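Open the model in a viewer and keep the selection panel at hand. The stops below are meant to be taken in order.

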Amino acid sequence: MSINFGRETCCNLPSAEAREWLVTNGIGGYASGTIAGVLTRRYQGLLVAALKPPLCRTLLVTKIDDLVDYQGQVYPLYTNRWAGGAIDGYGHHQIERFQLERTIPTWKFACADALLEKRIWMQPEANITYVRYNLTRASGPITLTLKVFVNYRDYHSDTQAGDWQMQIEPVENGLCVTAFAEAVPFYLLTDRASVTPTSQWHYNFDLVRERERGLRDYEDHLQAATFTATLNPGESLCFVASTEPNPSLNGEAALEVRRTYERKLLGFWQDSCPANIRETPQWIQQLVFAADQFIVNRAIPENPVGKTILAGYPWFGDWGRDTMISLPGLTITTGRLQIARAILYTYAKYVDQGMLPNRFPDEGEIPEYNTVDATLWYFEAIRQYYEVTEDIDVIENLFPVLTDIIHSHCRGTRYNIHLDPADGLLYAGELGTQLTWMDAKIGDWVVTPRIGKPIEINALWYNALRIMGKFARQIGRPYQEYDALADRALARFERFWHPELGYCYDVIDGIYGDDATLRPNQIFAVSLPNSALSPEQQRAVVETCGQFLLTSFGLRSLAPNHFHYRGYYGGNPIQRDSAYHQGTAWAWLLGPFVIAHLRVFQNPNLARTFLDPMINHLSIAGLGSISEIFDGNAPMHPQGCIAQAWSVGEILRAWLAIERFR
């Protein structure tokens, strides 16, 4: 699809700063900003480098204040807002057009009769950002000035400069910046400009999005350099921000490398599409490019090119739950089967006491294992991979790991996760823990604890047991144990059904009894391939979720008629976390809902209509991608991360499921 905006959006500051672009490098680093160029988040920058890929993400280069001197008139191309609300530059007024070229943000600045194009991209698998200016039209030369702002901090933090002095040294084609003695040096380079070291702090950049999140809303950045060059019509200038001392300064060649990479992504998708899909809508192609942004390297001793998935930009790392849920849509659906295989093997190395890690910390190497569902989603990810590839080696190699997982759950593992011998269902949780995807916690308060037997956990457990029985048969291993466990779970799954309400309990055998709160978790008891519900119950679940939880952009996490319902997400961290799973709509849940609807009603044309609102959403918030969450109440503003892995993955998977059904 064509994501582009003219002056009606670009010159309107509220509209232009609400739309954010993102480029990534495949090792955890990224660059991000707004159409207007004004900073709105602490997470934005031209080079946020992954110094210990895929994490240890560090803001190195914040922004460029660029100016054009043409025919005696100076045209700022930048916009800054300062604490207190003062604005300077107003460079967004010069933007004639903004376009997202697949994943490359592109601006056209009109300065009288001169037209200057600007593009930003990253080199794959390197902490290198390119900014290329091309003077496509003018009556004479222009003087282009770039004021480059730098920093050196963890991307979750903010900087109050004080008396901080960085070391800025000349190198060939630019400067080397060393923030302090132990810091990684980084480089500011161009292919043709003269450079003047500057070393001047600018204080109190205003961060409106952080203010909305109840966090410190101002920050300082250091102007490290001023680059100046003269461009004649048809000429270009390439600026490079890099942690490597000798990156290529050939902007045209570097841009072609990026475009070749994106053509390969589209080729993988097209080669993997079933024969009945004659044409892919442009918005789905855009999601194929978005899917790649979450896939990053995670080296392990056995495999230096291991892979994982970052849960969301700009602030999430790789989470086990998010990885397993989004893996099928991001990799299998898009034809990147070798990456899917690599991720499955990577996570197998981290299984401990029958559990997959929930999160890899930004600092340190010890994973956190506080999740009950990530491990069960692992089975479904492997099943979907095998269904497409028939790669029996993966089943052979991972079967011992899967066997250990089943046995660990039967014996009991962390956080009181165990099989209840009375009914063959999984129990999970203890006071103070949050083990399911509804995992918000404020201090010692677990907002939605769900201790007991959550429905989606047992739907996943039953599904995993059926998968194990099938895998065992295919590799000639004993299968009777898994079939027996599955049969027991199936026989007692009826306990989740609430006949008077006509839908499922969210949790049974909880510390306060059975919980009949209407939440979306029951949709998985329909969308997973092995369902323990009857056809009549499946239909009732889909209809109930459709009537009370469905929004244009996902399913609400709580029905609006509940007294704890929160229809708007926002405020300080406590206010946001208390609303996170109490009414906020989650985009990723739209995928399982559509698949469940397709299963029950067998109507692909009808199912596809539920995805249509996402087409317009790609031009809002995180451009070309799908947000993490939305307000439960209209107009359902996007919130949270501007680009979320499972949101993109599940929409892609649902779309392809519909097309395959036809």
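What follows is a tour of a predicted model, from the whole chain down to single residues.

**The whole chain**

Start with everything selected and the C-alpha trace shown. Along its principal axes the trace spans about 80 × 55 × 50 Å. The radius of gyration is 26 Å, which agrees with the value near 26 Å for a compact globule of 662 residues. Colour by secondary structure to see 18 helices and 37 strands. If you colour by relative accessibility instead, 65% of the 662 residues count as buried.

**Helix H10**

Select residues 455-474, which make up helix H10. From the first C-alpha to the last, its 20 residues reach 29 Å, close to the 28 Å expected at 1.5 Å a residue. Show the surroundings as well: 16 of the 20 residues of H10 are buried, so the helix is mostly covered. Then step just past the end of H10 to Gly-476, where phi is positive, at about 70°.

**A three-stranded sheet**

Next, select 453-454, 507-510 and 513-515. The first range is strand E27 and the last is strand E31, while 507-510 is strand E30. Together they form an open antiparallel sheet in the order E27-E30-E31. Which strands stand at the edges? They are E27 and E31; each has a single partner strand, so one side of each is left without a neighbour in the sheet.

Zoom in on E30 and E31, which pair in the antiparallel sense over two bridges. To find one of the bridge partners, pick Val-507 and look across to Asp-515 in E31.

**A nonpolar surface patch**

Turn on the molecular surface and select Leu-431, Ile-511 and Tyr-512. These three residues form a nonpolar patch on the surface, and their accessible area together is about 430 Å². Leu-431 sits in the loop that runs between strand E24 (426-427) and strand E25 (441-442). Is Leu-431 buried or exposed? Its relative accessibility is 71%, and the cut-off for exposed is over 50%, so Leu-431 counts as exposed.

**Backbone exceptions**

The last stops concern backbone torsions. Most residues other than glycine have a negative phi, and most peptide bonds are trans.

Select Ala-112 first. This residue is not a glycine, yet its phi is positive, at about 55°. Ala-112 lies in the loop between strand E10 (104-111) and strand E11 (114-122), and with a relative accessible area of 52% it is exposed.

Now go to Arg-450, which also is not a glycine and has a positive phi of about 55°. Arg-450 belongs to the loop between strand E26 (445-446) and E27, the edge strand from the sheet above. Is Arg-450 buried or exposed? At 7% relative accessibility it falls under the 20% cut-off, so Arg-450 counts as buried.

Two cis peptide bonds close the tour:

- Pro-53 to Pro-54: this peptide bond is cis, with omega near 5°. Pro-54 is in the loop between strand E4 (45-52) and strand E5 (55-70).
- Ala-634 to Pro-635: the bond joining these residues is cis, and omega is about 10°. Look for Pro-635 in the loop between strand E35 (629-630) and strand E36 (638-639).

Key. Residues numbered from 1 in each chain as written. Predicted model: local features only at pLDDT ≥ 70, side-chain atom pairs only at ≥ 80, totals over all residues. Heavy atoms only, no water. Helix = DSSP H or I, 4+ residues; strand = E, 2+ residues; numbered from the N terminus. Expected span 1.5 Å × (residues − 1). Buried < 20%, exposed > 50% of the residue type's maximum accessible area, 1.4 Å probe, protein only. Pairing = 2+ DSSP bridges. Patch = residues over 30% accessible without salt bridge, like charges linked within 9 Å, V, L, I, M, F, W, Y side chains within 5 Å. Areas by Shrake-Rupley, 256 points an atom, 1.4 Å probe, with all protein chains shown as cover. Salt bridge = Lys/Arg side-chain N within 4 Å of Asp/Glu carboxyl O. Rg over C-alpha atoms; globule rule 2.2 N^0.38 Å.
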